[in-house]
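Student: I would like a close look at a single part of this protein, the surroundings of the bound ligand. Please add what can be said about the interior and the backbone.

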Amino acid sequence: MMLKETYKLSNGIEIPKLGLGTWMIDNDDVAKAVVDAVEIGYRHIDTAQAYQNESGVGEGIRTCGVDREDLFITTKLAAEVKSYDEAVSAIDQSLETMGLDYVDMMIIHSPQPWKDFGGEDRYFEGNREAWKALEEAYQAGKIRAIGLSNFQKEDVENILSACIVKPMVNQILAHISNTPFELIQYTQEQDILVEAYSPIAHGELLKNEKVVDLAEKYGVSVPQLSIRYVLQLGLLPLPKTANPEHMKNNADVDFTISDEDMDFLKNIETIKDYGEASVMPVFGGKL
Ligand SMILES: NC(=O)c1ccc[n+]([C@@H]2O[C@H](COP(=O)([O-])OP(=O)(O)OC[C@H]3O[C@@H](n4cnc5c(N)ncnc54)[C@H](OP(=O)(O)O)[C@@H]3O)[C@@H](O)[C@H]2O)c1
């Protein structure tokens, strides 16, 4: 059962292999989504300060009926926070907003503020300051693991060159038709777990005929094939849905994609755009 499996982070903490993404689930709806997911067996929830649903996620965690220590909650330090003082207060604000004594993991949402995403300024100093605040919160027991998101190789190197505590994850865009193999290999070689966000390409893979055909061959849905693909690369998938049927479907991935079909999926033509979501910086848009 995939929902019971875990990866071990470099500090020895276990993290459930499949997490529920909550981007674009309204704060008013997300507590129910968390409760439904936990009832189905999910133990890992991914939110962010930027999603503006941390309070609803916290409510779901507090009311779901499963012991807090059996759940793994990740939130993200806002991409715009690039100074030590701002990071210290933003970390405490997340705990307060969620109504939790600790979070399992907090990660820097992006090396650059969204308005500069993908630009030349890598904010090296600001990221080291934000990292220092995360390290201190980690050492104070407010956070059980700390990490990165959207960090390219040079951004990871910047943290590794200055850190006391090494990052435990890097959460990046990774799915069939857009898998950054070099960055994945580099990151994994540093003993940093790679989390795959938008594993279904924000829904766009449902429209890819080659993927639809292969899913049919395995008798699974496109989301199941997409989730299984990233798992077989050693990544941690974070599919988003508030629909309990989809939650169940996405967790039912105990099948194996053959080596030959993995090669086929690795070489599928790169996605051209992300439809309406193309305006988002993570999908190539500019704010
Ligand atoms: N760190 C970052 O910068 C970053 C950026 C993007 C995303 N993320 C994280 O990754 C998570 C997932 O990414 P995402 O939200 O972009 O998209 P995604 O998980 O790749 O795709 C979500 C889409 O797939 C649909 N879907 C999910 N399961 C399905 C199923 N079994 N059958 C049919 N349709 C299904 C959803 O529809 P329904 O909602 O109708 O089920 C939704 O339209 C986010 O929620 C967030 O936690 C992080």
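Tutor: What follows starts at the ligand and then turns to the backbone, one strand and the core. The model is predicted.

The ligand has 29 residues around it, and the ones that come nearest are D46, S198, H202, T241 and H246. For T241, an N or O atom of the side chain is 2.5 Å from an oxygen atom of the ligand. Taken alone, the ligand exposes 900 Å², of which the protein buries 87%. Backbone atoms also take part in polar contacts with the ligand: an N or O atom in the backbone of T22 lies 3.2 Å from a ligand oxygen, and a polar backbone atom of G203 is 3.5 Å from an oxygen atom of the ligand.

Next, the backbone. A201 sits in the loop between strand 9 (193–197) and helix 7 (209–218). Its phi is positive, about 55 degrees, although A201 is not a glycine. The relative accessibility of A201 is 0%, so this residue counts as buried, the cut-off being under 20%.

N150 is another non-glycine residue with a positive phi, in this case near 65 degrees. Its loop runs between strand 7 (143–149) and helix 5 (153–162). N150 has a relative accessibility of 8% and therefore counts as buried.

Strand 7, which precedes that loop, is itself mostly covered, with six of its seven residues buried. It pairs with strand 6 (residues 103–108) in the parallel sense, over five bridges. One residue pair can be named here: I107 has G147 in strand 7 as its bridge partner.

That leaves the nonpolar interior. In soluble globular proteins, nonpolar side chains tend to be buried together. The largest nonpolar core in this model has 97 residues, and the members that touch the most others are L9, L77, L134 and L225. Helix 8 (residues 222–232) gives the most to this core, namely six residues. For L225, the contacts can be listed, leaving out residues up to four places away in sequence: I176, V211, L214, A215, Y218, V220, F255, I257 and L265.

To return to the starting point, the side chain of T241 and the backbone of T22 each place an N or O atom by a ligand oxygen, at 2.5 Å for T241 and at 3.2 Å for T22.

Note on methods. Residues numbered from 1 in each chain as written. Predicted model: local features only at pLDDT ≥ 70, side-chain atom pairs only at ≥ 80, totals over all residues. Heavy atoms only, no water. Core = buried A, V, L, I, M, F, W, Y, C linked by side-chain atoms within 4.5 Å. Buried < 20%, exposed > 50% of the residue type's maximum accessible area, 1.4 Å probe, protein only. Helix = DSSP H or I, 4+ residues; strand = E, 2+ residues; numbered from the N terminus. Contact = heavy atoms within 4.5 Å. Near = heavy atom within 4 Å. Polar contact = N/O pair within 3.5 Å; in protein donor to acceptor, adjacent residues only side chain to side chain. Areas by Shrake-Rupley, 256 points an atom, 1.4 Å probe, with all protein chains shown as cover. Pairing = 2+ DSSP bridges.
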